[in-house]
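Work through the exercises below with the structure open. Each task is followed by a solution in steps.

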Amino acid sequence: MYILVECCNHYFMRYATYMPATVDLHCHSTISDGLYPPEQLVAHAHKQGVKVLALTDHDDVGGLKVARETAESLGMTFINGVEISVTWKKYTLHIVGLRVDPEYEPLKTALDGVRQSRLERAEIMGKGLEEAGIEGAFDGAKAIAGNSIITRSHFARFLVEAGHVKGVKAVFKKYLVKGKPGYVEQQWMSLEQAVTLIKDSGGTAVIAHPGRYGLGMVNTHLLMHEFRKLGGEAIEVVTGSHTPPQYDQFAKIAHRFSLKSSLGSDFHGPGVSYMEMGCICDLPVGCVPVWQDWEEVQLSS
Ligand code: AMP
Ligand code: MN
Ligand code: MN
Ligand code: MN
């Protein structure tokens with residue numbers, strides 16, 4: 001049974017037995033495409049009632065140190081994280097690494113390579129947009145990104161700020177998805193490479209928002225099978241980008257493939273995130289939490 005729940009001025013469809021989770025293992029800071037710097041993001045999570053937090057910036061671990069210091073000063077448990085873009089078949093997938101070691105050299109080197117290829121991709125995106133009559137998109141997006149990695153979100157913000165489109169959702173549809181002028185087909189690292197880097201750095205590999213890729217049943221099952229074989233351990237069951245029926249669907253899939261379950265808001269900032277922090281609900285009954293054996297996570301139930 002689902003009901004409409006109001007949280008932080010937004011309405012969400014939720015289980016009737018809605019319990020806000022105090023764990024959030026997926027969010028973004030200005031180190032990638034979030035709006036808050038790491039310190040502010042952690043303080044915001046704290047204010048929203050989060051007790052166990054992972055920062056999972058896209059393809060960058062640069063925010064972890066200061067985020068951890070802030071979290072620990074506020075009495076929160078902090079988990080090192082990263083969200084790595086992967087090409088699997090014709091799909092771009094996101095693999096979250098939790099408890100990774102940000103000093104692990106092969107991980108650092110691989111992420112440096114991704115950041116460089118993102119820059120080259122952004123230049124091509126800029127050219128595509130220029131051909132569609134939009135001037136200065138690369139420079140504009142780069143200025144918004146500053147020293148951070150450059151993503152489609154930065155292009156989206158530029159296009160909205162420059163008045164080309166009204167909102168971020170419409171921008172993606174019109175300019176930044178497959179077949180549109182600002183879209184560039186990108187070859188990210190392989191699933192095997194991402195899972196191996198995460199595992200070898202001491203971390204746990206998690207498939208982010210598996211319901212968002214439009215995989216269909218056959219490919220979903222193939223992915224789960226392959227991911228498990230490579231040493232992947234969990235999937236996100238509750239995420240800002242899943243609907244409550246998808247929580248149930250992916251809880252069943254996790255069980256079927258002997259995978260643990262993770263949860264996270266995928267918060268990027270006020271107004272741009274799929275979900276506010278502290279508003280996501282707990283894992284469905286019967287899920288094995290990804291943090292089950294993590295000694296640093298002590299939750300009183
Ligand atoms: P990139 O990794 O550069 O392809 O950028 C992907 C990021 O763009 C995602 O992590 C989201 O934050 C954002 N994004 C992708 N699709 C959408 C969408 N339809 N609406 C809003 N943000 C989106
Ligand atoms: Mn993002
Ligand atoms: Mn993602
Ligand atoms: Mn994310």
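A donor is an N, O or S atom within 2.8 Å of the metal; water is not among the atoms, so sites may look incomplete. The model is predicted.

**Exercise 1.** Find the protein donors of the manganese ion (ligand 4) and describe their spacing along the chain.

Solution.
1. The donors are His26 through NE2, His28 through NE2, Glu83 through OE and Asp266 through OD. They lie 2.1 to 2.3 Å from the manganese ion (ligand 4).
2. Read along the chain, these donors give the pattern H-x1-H-x54-E-x182-D.
3. Next, place two of them. His26 sits in the loop between strand E3 (23-24) and helix H1 (38-47), and Glu83 sits in strand E5, so this pair ties together parts that are 57 residues apart in sequence.
4. Now check burial, for which the cut-off is under 20% relative accessible area. His26 has 0% relative accessibility and therefore counts as buried. Glu83, at 1%, counts as buried too.

**Exercise 2.** Locate Asp266 and list its contacts beyond its sequence neighbours.

Solution.
1. Asp266 is in the segment after strand E10 (260-264).
2. With a relative accessible area of 2%, Asp266 is buried.
3. Neighbours within four places in sequence are set aside. Asp266 then contacts His26, Cys27, His28, Glu83, His209, Arg212, Ser241, Ser273 and Tyr274.
4. Compare this list with Exercise 1: His26, His28 and Glu83 are among the contacts of Asp266, and they are also donors of the manganese ion (ligand 4).

**Exercise 3.** Describe the protein donors of the manganese ion (ligand 3), then give the distances from ligands 3 and 4 to the manganese ion (ligand 2).

Solution.
1. Glu83 (OE), His94 (ND1) and His209 (NE2) are the protein donors of ligand 3, at 2.1 to 2.2 Å.
2. Their spacing in sequence is E-x10-H-x114-H.
3. Glu83 in strand E5 and His209 in the loop between E8 and H8 link parts of the chain 126 residues apart. Both Glu83 and His209 are buried.
4. Glu83 is listed as a donor for ligand 4 and for ligand 3.
5. The manganese ion (ligand 2) is 5.7 Å from the manganese ion (ligand 3) and 4.7 Å from the manganese ion (ligand 4).

**Exercise 4.** Identify polar side-chain contacts to ligand 1, and trace one of the residues into a helix.

Solution.
1. The residues around ligand 1 include Arg118, Thr151, Arg152 and Ser153.
2. A polar side-chain atom is 2.9 Å from a ligand oxygen for Arg118 and 2.7 Å for Arg152. For Ser153, a side-chain N or O atom is 3.2 Å from an oxygen of ligand 1.
3. The protein covers 84% of the 500 Å² of accessible area that ligand 1 has on its own.
4. Ser153 is one of the buried residues of helix H5, in which seven of ten residues are buried.
5. At the start of H5, a side-chain oxygen of Thr151 comes within 3.0 Å of the backbone nitrogen of Ser153.
6. The cover over the buried residues of H5 includes H3, helix H4 (137-145) and helix H6 (168-176).

**Exercise 5.** Which residues of helix H7 (191-200) are buried, and how are they arranged?

Solution.
1. The buried residues are Leu191, Ala194, Val195, Leu197 and Ile198.
2. Viewed down the axis of H7, they fall within an arc of 160°, so they line one face of the helix.
3. Their cover includes strand E5 (77-88), helix H3 (105-131) and helix H8 (216-230).
4. After H7 comes Gly202, with a positive phi near 90°.

Key:
Residues are numbered from 1 along each chain as its sequence is written. Chains are lettered from A and ligands numbered from 1 in the order in which they are written. This is a predicted model: local features need pLDDT of at least 70, side-chain atom pairs count only at pLDDT 80 or more; totals for chains, interfaces and linings use all residues. Side-chain values use heavy atoms; hydrogens and water are left out. Buried means under 20% relative accessible area, exposed over 50%, partly exposed in between (1.4 Å probe, protein chains only). Helices (H or I, at least four residues) and strands (E, at least two) are DSSP runs, numbered from the N terminus. The arc is that of the directions from the helix axis to the C-beta atoms. Contact means heavy atoms within 4.5 Å. A residue is near a molecule or strand if one of its heavy atoms lies within 4 Å of it. A polar contact is a pair of N or O atoms within 3.5 Å; within protein, one must be able to donate a hydrogen and the other to accept it, and residues adjacent in sequence count only if both atoms are side-chain atoms. Accessible areas come from the Shrake-Rupley method with a 1.4 Å probe; for residues, only the protein chains shown count as cover. Donors are N, O and S atoms within 2.8 Å of the metal (3.2 Å for Na, K and Ca); water is not among the atoms, so sites may look incomplete.
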